[in-house]
Amino acid sequence: MSQVLNSRLLRDRVVAFARKLDKQLFPTERGKARLAPSWRTVEHGILQGLQFFIPAGEGAPWADWIVAGKYEPRFIAALAEWAAQGGVLYDVGAHAGLYSCAWRRLGGGVVEAFEPLPSSARVVAETVERNELAGVRIHNFALGDFDGVVRLLADQSEPGAASMAFVEEFGGVEAQRESPQYRSARPLSAPVHTLDGLFENSQLPVPAVIKLDVEGAEARVLQGAGKLLAQTRPILLIEIHNIDAGLEITEQLVSMGYRFQILDKHYGMPATIWKPV
């Protein structure tokens with residue numbers, strides 16, 4: 001009985017923290033509303049000159065950080081180090097195409113970009129073309145631990161403004177459904193595949209790096225990539241969205257001989273790098 005109560009107490013605290021953090025990150029109800037996305041140019045840093053279809057305003061500070069060249073700097077620096085060695089990047093949760101374009105700009109090889117939201121996938125395609133960066137193949141479906149169909153919660157009215165669609169079947173904490181970024185979201189069905197299945201069917205090249213940011217569903221993607229990871233041993237860049245996901249990811253990857261370090265924190269969420277031992 002005490003274990004059940006402790007578990008509920010922990011969950012309540014996590015949800016309360018998530019709601020508090022949500023108000024800090026998305027202050028659109030208190031201040032200036034987030035502006036619709038437009039093409040904005042990176043003004044500083046190693047990605048200077050690249051253009052991305054991203055919003056502006058107080059509700060989207062991350063977009064202003066991209067323009068200033070200050071978005072996840074340690075993540076980008078690590079990406080630059082590995083891109084210089086060539087090799088293939090899997091950009092899982094491509095969103096606005098930042099990491100796909102960064103990899104190509106910084107000397108990396110082919111990019112396999114995965115983005116299940118149709119509007120966001122179109123944005124990535126146009127972003128790659130606008131920046132004159134070839135070698136990015138876009139897959140408009142979700143990744144998970146089975147082949148079939150998943151239901152997403154996503155707002156397609158402002159492509160480039162929202163993060164990757166929230167997968168309703170798995171991922172995220174309860175409070176995430178109440179987040180302002182999902183209040184206008186609508187259900188959307190999308191195909192889902194496993195990385196193991198795609199790789200075994202020779203539809204994907206061997207990855208050097210896998211960047212994984214899928215709104216809390218990271219553990220499910222990894223569960224569907226066990227054989228791929230065991231055979232190819234890529235470096236992994238993973239953003240941890242909640243406690244449950246972090247514990248699952250750690251259990252999976254440590255058991256496979258991976259060790260991690262926290263590179264940075266983005267909105268309070270650890271950005272981690274995992275290397276095979």
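## Confidence of the model

Over residues 14-32 the pLDDT stays under 50, although the model still has 29 contacts beyond four places in sequence for this stretch. A second stretch with pLDDT below 50 covers residues 171-175, and beyond near neighbours in sequence it has 17 contacts in the model. The structure is a predicted model, and where pLDDT is low, the predicted coordinates should not be read in detail. For the chain as a whole, the mean pLDDT is 82, and 75% of the residues reach 70 or more.

## Overall make-up

The secondary structure of the chain comes to nine helices and 13 strands. Of the 277 residues, 53% count as buried, and the chain exposes about 12,800 Å², of which carbon and sulfur atoms supply 52%. Among contacts between residues at least 6 apart in sequence, 68% join residues that are at least 24 apart.

## Nonpolar cores

In soluble globular proteins, nonpolar side chains tend to be buried together. In this model the largest nonpolar core has 39 residues, and those that touch the most other members are Leu-47, Phe-52, Ile-54, Ile-66, Trp-82, Trp-103 and Leu-237. Two or more residues are given to this core by each of strand 2 (51-56), helix 2, helix 3 (73-83), helix 4 (98-105), strand 4, helix 5 (118-130), strand 11 (235-239) and strand 13 (269-276). Helix 3 provides the largest share, with seven residues.

Another core, of 27 residues, lies apart from the one just described, and it includes Phe-114, Ala-217, Leu-236 and Tyr-258.

## Helix 2

Helix 2 spans residues 61-68, and its buried residues are Trp-62, Ala-63, Ile-66 and Val-67. Seen down the helix axis, these buried residues fall within an arc of 145 degrees, so they line one face of helix 2. One of them, Ile-66, is also among the residues that touch the most other members of the largest nonpolar core. The helix is followed by Gly-69, whose phi is positive, near 75 degrees.

## Salt bridges

A search of the whole structure finds five salt bridges, and the three described here include one that involves helix 2. In that pair, the side chains of Arg-40 and Asp-64 meet at 2.8 Å, N to O, linking strand 1 (residues 35-41) to helix 2 across 24 residues of the chain. Arg-40 counts as buried because its relative accessibility is 18%, under the 20% cut-off, whereas Asp-64, at 30% relative accessibility, counts as partly exposed.

A second salt bridge joins the side chains of Asp-91 and Lys-211, again with an N to O distance of 2.8 Å. Here the partners are 120 residues apart, with Asp-91 in strand 3 (residues 89-92) and Lys-211 in strand 10 (residues 209-212), and both residues are buried. In a further pair, the side chains of Glu-112 and Arg-137 meet at 2.8 Å, N to O, and the salt bridge links strand 4 (residues 111-114), which holds Glu-112, with strand 5 (residues 136-139), which holds Arg-137, 25 residues apart. Glu-112 counts as buried at 2% relative accessibility, while Arg-137 is partly exposed, with a relative accessible area of 39%.

Note on methods
Residues are numbered from 1 along each chain as its sequence is written. This is a predicted model: local features need pLDDT of at least 70, side-chain atom pairs count only at pLDDT 80 or more; totals for chains, interfaces and linings use all residues. Side-chain values use heavy atoms; hydrogens and water are left out. pLDDT is the predictor's confidence in each residue, from 0 to 100. Contact means heavy atoms within 4.5 Å. Buried means under 20% relative accessible area, exposed over 50%, partly exposed in between (1.4 Å probe, protein chains only). Helices (H or I, at least four residues) and strands (E, at least two) are DSSP runs, numbered from the N terminus. The arc is that of the directions from the helix axis to the C-beta atoms. A salt bridge is a side-chain nitrogen of Lys or Arg within 4 Å of a carboxyl oxygen of Asp or Glu. A nonpolar core is a set of buried Ala, Val, Leu, Ile, Met, Phe, Trp, Tyr and Cys residues joined through side-chain atoms within 4.5 Å. Accessible areas come from the Shrake-Rupley method with a 1.4 Å probe; for residues, only the protein chains shown count as cover.
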